[in-house]
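Hi there,

Here's the structure I promised to pass on. Have a look at it first, and then read my notes below.

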Amino acid sequence: VDFGYIFEHIILNMVKHHFGTVWLGGTFKRKQFDIIEDDNAFIPAVTPVGYPAEKPSFREQAIRKFAGSDERKPFEDLFFHQNFSAPLKRSKIPTLSKILDFVRQAPSASNKQPWRVLLEGKNLHLYIKESPKYIGNYKYNIQAIDAGIAIAHLELGLNDKALAFTTKVMEEAPTEDGLRYIISFKLKKSLQ
């Protein structure tokens with residue numbers, strides 16, 4: 001989670017300075033990074049950095065299309081109000097909807113968009129819908145990186161709208177079958 005959070009901040013900063021980047025988590029050869037001498041160390045993801053081409057190549061377009069990189073899940077499938085059977089309506093809280101769209105646009109492994117956010121009073125609870133495809137197929141939990149990326153986007157969105165908040169792992173956060181609770185953002189004032 002920490003790695004995803006920090007690395008996404010680095011990537012977004014590079015993009016801000018007009019560099020091209022891309023997350024590579026499961027599709028690079030870790031053995032090529034033989035600079036690490038600690039047997040317990042592990043590189044979960046990397047990014048190439050460069051200047052983006054003016055026009056994407058046919059190969060890049062095909063890869064993006066195959067991966068569904070430009071497609072996003074519907075807003076109502078990712079964000080909920082009070083409980084997980086009540087999708088959050090964009091029109092209910094327009095400022096928050098813009099912030100959550102920033103989360104919705106975040107990158108994730110295989111573009112799974114595993115994050116779910118529950119608005120409960122002044123709390124935004126973040127969860128991950130874990131995919132069995134990733135459990136046991138990697139040396140690490142690749143969707144934990146996705147959680148860190150979502151945290152970065154949620155934090156940046158709240159800061160952009162000057163909404164004060166604190167973060168906390170809450171023991172009393174609601175639970176839901178199939179979702180793993182990650183963290184809560186407690187807003188200083190209610191948006192409802």
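**Notes on two helices**

Right after helix H1 comes histidine 18, whose phi is positive, near 70°. Before going on, you should know that this is a predicted model, where local features need pLDDT of at least 70, side-chain atom pairs count only at pLDDT 80 or more, and totals for chains, interfaces and linings use all residues. Residues are numbered from 1 along each chain as its sequence is written, and side-chain values use heavy atoms, with hydrogens and water left out.

H1 itself runs over residues 2–16. (Helices are DSSP runs of H or I with at least four residues, strands are E runs of at least two, and both are numbered from the N terminus.) Its 15 residues reach 21 Å from first C-alpha to last, close to the 21 Å expected at 1.5 Å a residue; that expected span is 1.5 Å times one less than the number of residues.

Which residues of H1 are buried (under 20% relative accessible area with a 1.4 Å probe, protein chains only; exposed is over 50%, partly exposed in between)? They are Gly4, Phe7, Glu8, Ile11 and Met14. They cover an arc of only 120° around the axis (taken from the directions from the helix axis to the C-beta atoms), so they sit on the same side of H1. Over on the other side, Asp2 and Lys16 are exposed.

Now for H5. This helix has 19 residues and reaches 28 Å from its first C-alpha to its last, close to the 27 Å expected. Of those 19 residues, 16 are buried, so H5 is largely enclosed by the rest of the structure. Just after H5, alanine 162 has a positive phi of about 55°.

Cheers!
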